[in-house]
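This report goes through the pockets, strands, helices and loops of one protein chain. Please keep the sequence and the model in view while reading.

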Amino acid sequence: DKLASNLRDLGSVKLFFESSPAVSRETFRRFTTPLLGDGDIAAIEWLPRVARDQRAEFETAARQEGLAEFQFTELDRDGATVRAGERDEYFPIHYCEPYAVHAKAVGFVLSPTDPLRGPALTRALNTGRPTLSQQHIPTLESVPQAAVVAVQPVYEPEAVSDGEKAGRRLKGLVMGIIPVG
């Protein structure tokens, strides 16, 4: 089944982030490009978890990486892209492939209040498992057909302290846009 295969591919990206202390934009591109080759997944995105007090530093670092206009964005009530408001934590699209097609999505913050992606985000965060959105036509991504969004939480490797496992800490999210017929 194609959907199951796509979810396995996204799971491999999740494991890649969980097993790597740091993943560069170029490494992400090299790892994900073969997964996009057959056209079953329209985009693969990395959304790190960023705390409120880390936002300014994160935006500055992204601009220094070469994303000159990078800032956290969201849609306002009229559907216009605006600077994201203050919140306790953010999940901005930081890496996205294929970049040339989806560049304008970089910086967009996935939010639980997003009517299309929010329920999948909330389910993924509550269960720790991959989830799918309802079928929709993406507004930020250049996908010419209906799609679903797959969200997979990514955790820091489990720490061992005094012989006991400590709780897992959320590192971010892997998100895939999967066109559907």
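## Pockets

Helix α3 gives four residues to the lining of the largest pocket, which is the largest share from any element. The model described here is a predicted one. At least two lining residues each come from β1 (43–48), β2 (50–51), α3 (55–64) and β11 (170–179).

The largest pocket has a volume of about 550 Å³. It is lined by 24 residues, and those closest to its centre are P48, R49, V50, F58 and K171. By type, the lining of the largest pocket is made up of 13 nonpolar, three polar and eight charged residues.

The second largest pocket has a volume of about 230 Å³. Twelve residues line this second pocket, with L75, F108, T113, D114 and P115 the closest to its centre. Its lining divides into five nonpolar, three polar and four charged residues.

The table sets out the make-up of the two linings.

| Pocket | Nonpolar | Polar | Charged |
|---|---|---|---|
| Largest pocket | 13 residues | three residues | eight residues |
| Second largest pocket | five residues | three residues | four residues |

## Strand β11 and its partners

Strand β11, which contributes to the lining of the largest pocket, also pairs with other strands. How many residues of β11 are buried? Ten of its ten residues are buried, so the strand is largely enclosed by the rest of the structure. Buried here means under 20% relative accessible area.

One partner of β11 is β1, and the two pair in the antiparallel sense over six bridges. Within β11, L173 is the residue that stands opposite L47. Another partner is β8 (residues 147–155), which runs antiparallel to β11 and is joined to it by nine bridges. Here V154 has G172 of β11 as its bridge partner.

## Helix α5

Helix α5 spans residues 118–127, and its buried residues are G118, A120, L121 and A124. These residues cover an arc of only 165 degrees around the axis, which puts them on the same side of α5. What do the buried residues of α5 pack against? They pack against β7 (131–132), β8 and β11. Strands β8 and β11 are thus found again here, this time as packing partners of the helix. After α5 comes G128, whose phi is positive, near 75 degrees.

## Two prolines in loops

P98 lies in the loop between β6 (95–97) and α4 (99–102). The peptide bond that joins E97 and P98 is cis, with omega about 0 degrees.

P21 is in the loop between α1 (2–19) and α2 (25–36). Is P21 buried or exposed? With 84% relative accessibility, P21 counts as exposed, since the cut-off for exposed is over 50%. P21 and E156 are 135 residues apart in sequence, while their C-alpha atoms are 8.6 Å apart in space.

## The chain as a whole

The protein chain has five helices and eleven strands. It consists of 181 residues, of which 46% count as buried. Of the contacts between residues at least 6 apart in sequence, 59% join residues at least 24 apart. The strand pairing of β1 with β11 and the packing of α5 against β7, β8 and β11 are parts of the fold described above.

Note on methods: Residues numbered from 1 in each chain as written. Predicted model: local features only at pLDDT ≥ 70, side-chain atom pairs only at ≥ 80, totals over all residues. Heavy atoms only, no water. 1 Å grid on protein atoms, 1.4 Å probe; cavity = no way out; pocket = protein on both sides within 12 Å on 5 of 7 lines; lining within 4 Å. Points joined across faces, edges and corners; volume = space filled by probe spheres on them. Nonpolar A, V, L, I, M, F, W, Y, C, P; charged D, E, K, R; others polar. Buried < 20%, exposed > 50% of the residue type's maximum accessible area, 1.4 Å probe, protein only. Pairing = 2+ DSSP bridges. Arc of directions from axis to C-beta. Contact = heavy atoms within 4.5 Å.
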